[in-house]
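This report concerns a single model. Please examine the sequence and the structure shown below before reading on.

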Amino acid sequence: MINRFILSVATTSSAFALPAATPARDYPVQAVPFTGVQVADAFWSPRLETNRLVTIPYAFEKCEETGRIDNFAKAGKLKEGRFQGIFFNDSDVFKVIEGAAYALANHPDPALEACVDGVIDKIAAAQEPDGYLYTARSLCGDDYMPPGGRERWSDIGSGHELYNVGHLYEGAIAYFQATGKRKLLDVALKNADLICATFGPGKRENPPGHQQIEIGLARLYRITGDEKYLRQAKFFLDARGRPAGHALYGEYSQDHKPVVDQEEAVGHAVRAAYMYTGMADVAALTGDPSYVTAIRRIWEDVVGRKLYITGGIGAAGGHEGFGAEYFLPNRTAYCETCASVANAMWNHRMFLWTGDGQYMDVLERVIYNAFLSGISMHGDRFFYPNRLESFTGESRSPWFDCACCPANIVRFLPSIPGYAYAHRDNELFVSLFIGGTARVPLADQTVRVRQETRYPWEGRTRFTLHPERTGRFGVRLRIPGWARNRPAPGKLYRFDDTSNWRPELRVNGEGAAFEIRDGYARIERSWQAGDVIEWSLPMPVRRVLASDLIEDDRGRVALERGPVVFCLEGVDQPNGYVQNLVIPDDSALWTSFGAELLGGVQTVGGEAEVVRRDAEGNPAPDGRQDFRAIPYYAWAHRERCPMTVWPARELSAAKPLPGPTLAYRSRITVSRGGAVSALNDQLEPRNSIDHSNPFFHWWPQKGTVEWVEYAFPEPTRVSSVEVYWFDDTGIGECRLPASWRLLARVDGEWKPVTDPDAYGVKADTYNRCVFEPITAEALRLEVQLQKDWAAGIHEWKVE
């Protein structure tokens, strides 16, 4: 049966392939599959081993503990029980199988393979006779109902029937390619045949709400050669934005206009980047250039207006997606780990279309920063969002109810070596600097490459080439954007200085001439076995400045060395704070390698000014201190403490330490709620919806009477208060309160203050209340929340 397949080079999210003939059309540049790359790298080898030995088994355990695997057994009548979890949980199991397959491809493991086989047996049992597979619907009943109820395909916009099986296809192909076992592949093909028979012109014409199946269908076409799968992927793309076949889902699902007419990245970031990836795949396999024209426009929008310095995308947590132009907040940055995976996949496809290094610049920025932050060094703790600033610190989680990110990490991390090398005709591309060996098939022969490097900590890399025979071919070595005075494509970010450095390239110990083309140093000559290329990229610490259009980054600086973005954590600073530090432009910076710190990392240091509010409440310098910065990916591994990627470079951008005001010296108690320190931290909000500073709130309480209280250090004469209300209309469920009043405690007794002039509930300003002076032990704000709404406070001042 295997012979009926066309085993083709599969340019996929994993760059995985079996060596065989290619489809009639394909990407101009072809990736070397990760099975053709053997990693021996000080940075990546430990992470790949941790993923194989820790993360994959851990993910299977969690899928078992949370009922994800049991759902298949129940749907297959292998055991009794109701559906557990969220309606898209099937996809997590498929993704973990895909990651396990990638591990098995390079490291045979009978125990892991037996585990996967057992899970596949349950998946196969759950499949209905005609190929349908969606445990949430198979197990629906009076105690559980997925979106759309009992009827198949009844809510494609909100349900995940098609999204789930897209991951099934990828996992099934990967496992077949790794082991030769086709049981799961048969399940996938049977399901895909049902999809093709159900959806299309004159049939069901609505596309999936959550894109991903397009990628999986393209992979099925690659491995089978059956064009119906490619046609189906194209149909799902072309159906978007066309109201004739369905009620449009809107921008959230990129269904507001036809995909070829879309010009900017909108909506849910993961859905969007999966769609752009699928468009690139379908364009490569069909030769349709309109898709590529569209995703190039969209890519320009992202790198020009919506990309974080870490490579993360999706700034808005409310819809896990893209915000308005230049909306890149740090404290509330969403930057979902899944979005980083999808962004890397999309940029790799763009590189394969063009051979342009700028796309690999973005991919590299993602994998060393935004993506790697999502997984702990121990391999069993995860971030879902990846903030760029925290006032109190955060901890990675063991798992999530919605566990798309851990499962995506499992499959993406072992695929990274497959992004390092590529080939086009008689040219060999080196896009990532990862130690080890690779076999690169060129037009005339196969070349074995050995790469030795300590990247990303050092910029020197040594390549030893072993062509099958002496012959002429081209070698392209990527010159990263950061080595060409460009932190990232587009104009969002720039270095504060310009380097005149030119890359250094030597062949067999002698300087060699090269041309720079599309971000690569290209050298073409006759090569023989044992030829050595030495490639040098100097790595000074660079200061990165953001466009003034990014409000949160004005007056701030990011530190970068090579591809690694750094952050300041409180645990490394003398006073435990980071937001109050100013790193002046003239402050000398140093760097050193800490072999015992966080598994071995480069650190950056220098001298910073400390900012504190003076007696009048104004920000003022309060001495200088040394600071230390660590790689952003390594934060939140020691203790919960403040962190920032963008420390201030100007006094006006710092968050000063509080001055000794009466409010700051008071003890705070509240009826309920958290983040009480926000009430008197003296951080001025820009407006009521401001999320850049901490705020106090009573959510999820709604319509109740709540209170906050200042207990003074000693009885104090007071006569006014100012309250700045928090209101997140359009984002959350906090609104201005219905009303409030002020009480004072005198001799242990609470009573309303006398002659208050106003209890204001205005937004975007302080609401001042003046009352008859009184010597009090404490003050209490008593707040009536609006019906059906919560409320919150940015700042409460007392005079």
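The following paragraphs treat a sheet, a helix and a histidine in turn.

The model is predicted. An open sheet is built from 6 strands in the order β1-β4-β5-β9-β14-β13, with mixed pairing. Its edge strands, β1 (30–31) and β13 (515–517), each pair on one side only. Within this sheet, β4 (residues 421–424) and β5 (residues 427–430) run antiparallel and are joined by 4 bridges; His423 stands opposite Leu428 in β5. Helix α13 (residues 357–370) lies across β9 (471–478) and β14 (520–527), and its direction makes an angle of about 50° with β9.

Helix α9 (residues 227–238) comprises 12 residues and spans 16 Å from its first C-alpha to its last, close to the 16 Å expected at 1.5 Å a residue. Its buried residues are Tyr229, Leu230, Gln232, Ala233, Phe235, Phe236 and Leu237. These buried residues pack against α6, α7 (183–198), α8 (213–224), α10 (269–286) and α11 (289–305).

His160 is located in the loop between α5 (135–138) and α6 (161–179). Because its relative accessibility is 6%, His160 counts as buried. Leaving aside residues up to four places away in sequence, His160 touches Phe87, Phe88, Tyr134, His210 and Arg271.

Two polar contacts, one at His160 and one at the start of α9, are listed below.

| Side-chain partner | Backbone partner | Distance |
|---|---|---|
| His160, polar atom | Ser158, oxygen | 3.3 Å |
| Asp226, oxygen | Lys228, nitrogen | within 3.1 Å |

How values were computed
Residues numbered from 1 in each chain as written. Predicted model: local features only at pLDDT ≥ 70, side-chain atom pairs only at ≥ 80, totals over all residues. Heavy atoms only, no water. Buried < 20%, exposed > 50% of the residue type's maximum accessible area, 1.4 Å probe, protein only. Polar contact = N/O pair within 3.5 Å; in protein donor to acceptor, adjacent residues only side chain to side chain. Contact = heavy atoms within 4.5 Å. Pairing = 2+ DSSP bridges. Axes fitted to C-alpha atoms, helices over the stretch in contact; angles between N-to-C directions. Expected span 1.5 Å × (residues − 1).
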